[in-house]
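Open the model in your viewer and keep the selection box handy. We will start with one residue, step out to two helices, and finish with the whole chain.

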Amino acid sequence: MTCSNCGAELPENALLCPYCGYENEAIAEEKHRQEISGIYAKIAALLHVPERVAARAKRILLCAMLVIVVVAAVAFLAAFLYSKLAPEAALRRQDAALEKLEQLWQNGEYDALPAALEQTERVYSGAYEKYRTVGALFETLGNEEESCAETAEFVAGFPEGADLLNYDLKHLFSLLRECSALSEAGFVYGEQDAVAELERRARALLTETLLLTEDEIAEGIALDAEKETDYQALAERAAARLAEGKQ
């Protein structure tokens, strides 16, 4: 190859003439062409980047939609199964609770009804009415059996505190009135045995613990029926007897 500037002989791949330094036009043109091709290739690659990003985002979106569909399907299935199984499970629990309550009832364990009812779901269902009614009365009676003796002991040593007996008298007379009301209603739940037990224990508190007579008990029941809340006269009589018995 001959240098176009000085006429010297050049190697075929020489970019510059070693004699005059003139650029080999053919080699330079090829080199420039390759550089330009490389630039075009980079530009094309850059132009395709958004397409790749979009394709990747599309795949991610599709995966996310698939996950959402699967989760929704699982949630729907769970809700469907719950709607079918939950009522049946609740019914089984209710049957078991009613069986336990009825066993207590048949055994005359009325004092255990309140605690058993506390552990029962949907206790306000009509199926629990008789247990709830009698259980509430025996819960009041149990509280009175705990407090009445303590109050009587205190009043026996301090007769001036006779008014403290009003609280116990009110609850005991209310219990006896409830017993009469259930009897007058004809014992619709077959609760005559429970009522008899309740009345016996309430009267025992009035006669044995508070030392009232049967006539005084009848007087107290009449006051309760009239919605009177002042049992002071009865309380003072009871306090006097308690104090006398302690001497």
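On this tour, two residues are in contact when they have heavy atoms within 4.5 Å of each other. One thing to keep in mind as you click along: this is a predicted model.

**Stop 1: T120**

Select T120, which lies in the loop between α2 (113-118) and α3. Is T120 buried or exposed? Its relative accessible area is 13%, and buried means under 20%, so T120 counts as buried. Now show what touches T120: apart from its neighbours within four places in sequence, it is in contact with A97 and Y128.

**Stop 2: helix α4**

Next, select residues 165-184, which form α4. How far apart are the end C-alpha atoms of α4? They are 29 Å apart, in agreement with the 28 Å that its 20 residues should span at 1.5 Å a residue.

Colour the buried residues of α4: L165, N166, D168, L169, L172, F173, S174, L175, L176, C179 and L182. To see what covers these residues, bring up α3, α5, α6 and α7, which are among the covering elements. Before leaving, look just past the helix: α4 is followed by G186, whose phi is positive, near 90°.

**Stop 3: helix α7**

Move on to residues 232-246, helix α7. Its 15 residues should span 21 Å at 1.5 Å a residue, and the end C-alpha atoms are indeed 21 Å apart.

Which residues of α7 are buried? Pick out L234, A235, A238, A239, L242 and A243. These residues cover an arc of only 165° around the axis, so they sit on the same side of α7. The spacing helps to make sense of this: an α-helix has 3.6 residues a turn, so residues three or four places apart point the same way.

Then display the surroundings. The cover over the buried residues of α7 includes α3 (129-157), α4 (165-184), α5 (192-209) and α6 (214-225).

**Stop 4: the whole chain**

Finally, zoom out and switch to a cartoon view. The chain has 7 helices and 0 strands, giving the pattern α-α-α-α-α-α-α along the sequence. Colour by burial, and 29% of the 247 residues come up as buried.

If you draw the contacts with a separation of 6 or more, 55% of them join residues 24 or more positions apart. Last, turn on the surface: the chain exposes about 16000 Å², with carbon and sulfur atoms supplying 59% of it.

Conventions
Residues are numbered from 1 along each chain as its sequence is written. This is a predicted model: local features need pLDDT of at least 70, side-chain atom pairs count only at pLDDT 80 or more; totals for chains, interfaces and linings use all residues. Side-chain values use heavy atoms; hydrogens and water are left out. Helices (H or I, at least four residues) and strands (E, at least two) are DSSP runs, numbered from the N terminus. The expected span of a helix is 1.5 Å times one less than its number of residues. Buried means under 20% relative accessible area, exposed over 50%, partly exposed in between (1.4 Å probe, protein chains only). The arc is that of the directions from the helix axis to the C-beta atoms. Accessible areas come from the Shrake-Rupley method with a 1.4 Å probe; for residues, only the protein chains shown count as cover.
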